[in-house]
Amino acid sequence: MSFLTETVAWLLDPANWVADGGIPTRLAQHLLFTLVTLLVAMAIAVPIGFLIGHTGKGRGFAVATSGAFRAIPTLGLLTLVALWVGIGLNAPFVALTVLAIPPILAGAYTGFEAIDRKIIDAARAVGMSETQILLKVELPLGLPLLIGGVRSATLQVVATATLAAYIADFGLGRYLFEGLRTRDYGQMLGGSVLVILLAIVLEGLYALVQKLVVPRGVTAGLPTNIRGGSSRSRPVMEPSIEEGKNHVHSE
Amino acid sequence: MFTANRGRLTLIGAVAVGAVVALAGCASGDPLAEPSSSAADSTIVVGSQAYYSNEIIAEIYSQALEAGGFTVDRQFQIGQREVYLPDIEDGKIDVFPEYTGSLLQALDKTAVGGTSAETFDELQAALPDSLRVLDQADASDQNSWTVTQDFASMYGLTDIASLTSVTEPITVGGNSELETRPYGPPALQEKYGIDIAGFVPVEDSGGPLTVKALVDGDIQLANIYTADPNIKTNNLVALSDPDGLFFPDNVAPVVSQKVDESAAAILNEVSAALTADTLVDLNSQSVNDQLSAEKIASAWLTKENLV
């Protein structure tokens, strides 16, 4: 039997959908674990990224460390942490958080950096406090890139969360390990398909969220400016805001 | 990318199409099929499991063969038996260090086992005609059901059957395949009536993570190989197995027809020198002293005057 028919047969087998370690349970575990990991990674990376983006300080340090973090092999880190804290979900949780931080951090500070400095200066000039600049100007304008970072982190975590099954009876990775060890390639590929589908669904959700969070001022008028073509375009304000045009107070 | 709107749907579509195409590719061909080996005919391919101790033995075979004038192609760390057995049967690997009982059970699910000599004879009969097993060594690396010393003394455990007297829930830990092996948790339940509360996958083949889980009490029962120096260093107890739940697992090379009599004689000499204590000692040099398989093998061969 070919792998494809085995895979379809495995996916359609009702026994795989009801049992204790059935597909719905594992799918829910996988999703929950991914979300918790992302939330914790965001709680760590977003404030740091905002700080770097707002002050412009420590960028070199952040680039270097997050680059180094990205290079850590997740399975190696997981084994190392597990040798310290033991089996279970703690070790994969730490390893995946480390995996998720760099893209989120990068998204947070590049989002701020991509903002035209003139806008920040203008905000300061009209008397906004630093907090107001952060919350009312930088945050909304930097949000699309931040969500982009979270999106890329999600994709990595949802795929790599399969490693949790290395030391725990948890998540969709169990199908991969069990299938690999017992040469049940239908099960292995079936598990992979489920991970892929989950990733695609999450991608779809992010596409939607990213569309919604782009501020009106950025989208209105000239959306072509902010669409990713071949060149790296930056979100910019609508061109109607130009010096000396709309900011003249009429008295 | 980040701010693209229209391109996004196209991208998702492209990914979906790509996935379908990739899967369809699986349907038409076996992605694991390999072109037949192009290595020169005189080269002997030595394989090993993804298990450090097995690699040491494979390295010993390789160096001994090289000292005898053969050219060796090392194909080490090829996963578990389920993965490499088809390659041995196809003649892609010429020499593989094996464990008699486990290999027998993999080849013949109905095998009865018995003493080490009986198991060896059964294995010879069970192997396909293209393969043969050379002399087995005294050294063995058995599967075992292992507990901590504390756990053993608390319930007075000596052999596997005595696990019935344990009153707390027993969680078993080990590789995924352990769950379905003939000596796995279901066998404990059926043969001895031992209640197994659960199975926790720890995918490192009885390695440091499994040992730690056992010592920490995350699991109570693990499959640790008896030649593992961790049993001694961590005060573990391998429960004795009077009923032969596990088959005797003596180390023996499984070889293809490419291995001629002079090569076979070299391997037999190695097996004759490989005692049970030797294997634990060699493993300990890897686990505790962090020496490479290459160094361990050459030091031992020199000491035994085999090269």
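Helix H2 of chain B, residues 52-67, has 16 residues, so at 1.5 Å a residue it should span 22 Å, and its end C-alpha atoms are indeed 22 Å apart. (The expected span is 1.5 Å times one less than the number of residues; helices are DSSP runs of H or I with at least four residues, strands are runs of E with at least two, and both are numbered from the N terminus.) This is a predicted model, in which local features need pLDDT of at least 70 and side-chain atom pairs count only at pLDDT 80 or more, while totals for chains, interfaces and linings use all residues. Residues are numbered from 1 along each chain as its sequence is written, and chains are lettered from A and ligands numbered from 1 in the order in which they are written.

Back to H2(B): 13 of its 16 residues are buried, so the helix is largely enclosed by the rest of the structure. Buried here means that 20 or more other C-beta atoms lie within 10 Å of a residue's own; 12 or fewer makes it exposed, anything in between partly exposed, and the C-beta atoms are placed from the backbone. After H2(B) comes B:Gly69, with a positive phi near 95 degrees.

Now for the inside. The largest nonpolar core has 116 residues, and A:Ala100, A:Ile104 and B:Tyr61 touch the most other members. Helix H6 of chain A (residues 90-113) gives the most to this core, with 12 residues. A nonpolar core is a set of buried Ala, Val, Leu, Ile, Met, Phe, Trp, Tyr and Cys residues joined through C-beta atoms within 7 Å. Leaving aside neighbours within four places in sequence, A:Ala100 is in contact with A:Thr37, A:Leu38, A:Ala41, A:Ala153, A:Gln156 and A:Val157. Two residues are in contact when their C-beta atoms, placed from the backbone, lie within 7 Å.

Chain A itself has 11 helices and 0 strands. Of its 251 residues, 38% count as buried. Take the contacts in chain A with a separation of 6 or more: 70% of them come from residues 24 or more positions apart.

How do two of those helices meet? The axes of H8(A), residues 130-160, and H10(A), residues 185-213, come within 10 Å and cross at roughly 175 degrees. The two are therefore roughly antiparallel to each other, the label for angles over 145 degrees (under 35 is roughly parallel, 65 to 115 roughly perpendicular, the rest oblique). The axes are lines fitted to C-alpha atoms, for helices over the stretch in contact, and angles run from 0 to 180 degrees between N-to-C directions. Among the contact residues are A:Leu143 and A:Ile147 of H8(A), and A:Leu198 and A:Tyr206 of H10(A). The contact residues divide into 13 nonpolar, 3 polar and 2 charged. Ala, Val, Leu, Ile, Met, Phe, Trp, Tyr, Cys and Pro count as nonpolar, Asp, Glu, Lys and Arg as charged, and the others, Gly among them, as polar.

Finally, some loop residues of chain B. Most residues other than glycine have a negative phi, but these two have a positive one:

| Residue | Phi | Loop between | C-beta neighbours within 10 Å |
|---|---|---|---|
| B:Asn235 | near 60 degrees | H9 (230-233) and S9 | 12, exposed |
| B:Gln290 | near 60 degrees | H11 (276-287) and H12 (293-303) | 7, exposed |

B:Ser240 sits in the loop between strands S9 (236-238) and S10 (251-255) of chain B. It is partly exposed, with 14 other C-beta atoms within 10 Å. Its C-alpha atom is 6.3 Å from that of B:Thr158, although the residues are 82 apart along the chain.
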